[in-house]
Amino acid sequence: MRELLLVRYGEIFLKGLNRPVFLKALVKRVKQAVAPLGGTVWLHDGRIFVSDAEDMDECIRRVTKVFGVHSVCPAVEMDKDSFDAICDQAVRMTEGLSGTFKVVARRSDKRYPLDSPAINSEMGGRILRVNKALSVDVKNPEHVMNVEIRDKAYLYVKVVPAVGGMPVGTNGRATLLLSGGIDSPVAGWMIAKRGVQISAVHFHSYPYTSDRAKEKVLDLARILSESCCGVRVHVVPFTRIQMEIHEKCPEEYTTLIMRRFMMRIAERVAKLEHAEALITGESIGQVASQTMAALGTTDGVVSMPVFRPVIGFDKSEIVDVARKIGTFETSSLPYEDCCTVFTPRHPATNPKMEKILEGESKLDMEGLIEEAMAGIEIVRC
């Protein structure tokens with residue numbers, strides 16, 4: 001008998017003949033997550049197992065953050081030949097429980113002498129005889145004693161929910177415009193959950209934005225990295241561009257022209273990362289640069305798709321997700337980002353393209369972009 005983790009997946013079940021490809025990717029991601037703990041990971045009979053980790057609680061925490069994992073169950077593996085021994089173990093695992101319960105048996109080995117209803121009935125009866133604090137409720141129990149009969153018997157009571165989604169890397173690559181705010185980390189997390197490998201680009205306007213502001217963004221990338229299997233952050237020096245825009249362009253259009261520069265640079269970074277799309281944390285109407293008309297002017301400078309997963313969320317909904325994924329506290333630290341530098345008093349909400357182009361005509365667009373690209377610092381988080 002040994003203790004291990006039974007890792008369950010959800011959506012991958014729907015993949016039919018392609019399921020082995022997704023399972024292979026998920027096993028790889030789970031191995032990456034537990035590698036620092038020395039855990040052993042293997043796939044057998046449609047299940048993923050983890051054993052021998054130095055710290056099983058930390059192992060559970062890490063595995064539940066892996067996209068593609070539906071839940072993690074601390075389980076006991078034992079020989080299936082002695083049904084009495086299996087029942088004794090089930091009794092021990094339910095000793096401290098009170099309230100309602102049921103037994104759920106799954107018998108993939110059809111040669112086993114007892115079928116699932118018989119296992120449920122016999123094991124449930126033995127548990128009730130020993131633990132008087134339990135009663136049976138087959139419809140809505142507080143506890144479930146799970147038993148899986150495969151090449152061995154697997155028993156578990158506790159089921160720890162995980163993030164779900166699809167394994168990272170199974171649905172292409174995208175580049176996230178990562179600020180120090182609440183919205184963009186949430187947007188990146190949501191797209192990565194669908195199996196997309198993300199990289200990030202951050203615009204740093206030193207000395208108007210401090211090194212603490214930059215470190216805050218890298219901390220956000222590190223938090224995302226736990227689920228995203230590593231994030232490469234491209235830190236772009238943006239001060240020169242912002243100064244040029246501030247000095248030469250109409251004040252009400254400075255934010256939009258800045259955003260168009262960001263999109264152009266982000267697309268170039270994305271191509272270097274072999275990404276197929278950009279990701280932003282914009283939400284319609286949240287600020288002046290996020291009206292429908294304004295978003296159209298920023299999309300117009302890039303040729304690849306722009307994903308905006310929180311486009312229809314209000315702020316409280318975005319905050320709820322940020323709390324769930326662990327980025328909210330870091331995002332709330334009071335360090336400025338480049339979007340707060342030289343903010344116009346009355347930004348254009350219904351911009352005219354001719355005004356934008358007139359402002360941009362006063363700038364050495366290509367020279368400024370090339371200078372910024374040459375100064376990029378890449379940080380692996």
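Which residues does leucine 224 touch, not counting residues up to four places away in sequence? Leucine 224 touches Leu176, Pro185, Trp189 and Thr327, where contact means heavy atoms within 4.5 Å. This is a predicted model, in which local features need pLDDT of at least 70 and side-chain atom pairs count only at pLDDT 80 or more, while totals for chains, interfaces and linings use all residues. Residues are numbered from 1 along each chain as its sequence is written, and side-chain values use heavy atoms, with hydrogens and water left out.

## Leucine 224

Leucine 224 belongs to helix α6, residues 211-228. Helices (H or I, at least four residues) and strands (E, at least two) are DSSP runs, numbered from the N terminus. The relative accessible area of leucine 224 is 2%, so the residue is buried. Buried means under 20% relative accessible area, exposed means over 50%, and partly exposed lies in between, with a 1.4 Å probe and protein chains only. Leucine 178 is 46 residues away from leucine 224 along the chain, and their C-alpha atoms are separated by 11 Å.

## Overall form

The protein has 13 helices and 15 strands. Its radius of gyration is 26 Å, whereas a compact globule of 381 residues would have one near 21 Å. This radius is taken over C-alpha atoms, and the globule rule is 2.2 Å times the number of residues to the power 0.38. Along the principal axes, the C-alpha atoms fill a box of roughly 85 × 35 × 35 Å.

Of the 381 residues, 52% are buried. Among contacts with a separation of 6 or more, 80% are between residues 24 or more positions apart. The accessible surface is about 17600 Å², and carbon and sulfur atoms account for 52% of that surface; the areas come from the Shrake-Rupley method with a 1.4 Å probe, and for residues only the protein chains shown count as cover.

The protein carries 50 positive and 49 negative charges, and the mean positions of the two sets are 4 Å apart. Lys and Arg count as positive and Asp and Glu as negative, without His and the chain ends. Each charge is placed at NZ of Lys, CZ of Arg, CG of Asp or CD of Glu.

## Helix α7

Helix α7 covers residues 239-248, and its buried residues are Thr239, Ile241, Gln242, Glu244 and Ile245. These buried residues pack against β11 (197-204), β12 (232-237), α8 (254-272) and α13 (365-374).

## Aromatic pairs

The whole structure holds five aromatic pairs. Rings of Phe, Tyr and Trp (its six-membered ring) pair if their centres lie within 6.5 Å; planes under 30 degrees apart count as stacked, over 60 as edge-to-face and the rest as tilted. Tyrosine 9 and phenylalanine 13 form a tilted pair, 4.8 Å centre to centre with 35° between the planes. Tyrosine 9 is buried at a relative accessible area of 5%, while phenylalanine 13 is partly exposed at 42%.

Phenylalanine 49 and tyrosine 154 have ring centres 4.9 Å apart and planes at 25°, so this pair is stacked. Phenylalanine 49 lies in strand β3 (residues 47-51) and tyrosine 154 in strand β8 (residues 153-156), so the pair ties together parts that are 105 residues apart in sequence. Both residues are buried, with relative accessibilities of 1% for phenylalanine 49 and 2% for tyrosine 154. Trp42, Phe49 and Tyr154 form one aromatic cluster.

## Loops and backbone

Most residues other than glycine have a negative phi, and most peptide bonds are trans. The table lists two residues other than glycine with a positive phi.

| Residue | Phi | Loop | Relative accessible area |
|---|---|---|---|
| Aspartate 52 | near 65° | between β3 and α2 (56-64) | 54%, exposed |
| Cysteine 229 | near 60° | between α6 and β12 | 25%, partly exposed |

The peptide bond from tyrosine 206 to proline 207 is cis, with omega near 5°. Proline 207 is in the loop between β11 and α6.

Valine 157 is in the loop between β8 and β9 (160-161). Apart from neighbours within four places in sequence, valine 157 is in contact with Met93, Thr94, Leu97, Val144, Met145 and Asn146. The C-alpha atoms of valine 157 and valine 144 are separated by 5.7 Å, and the two residues are 13 residues apart along the chain.
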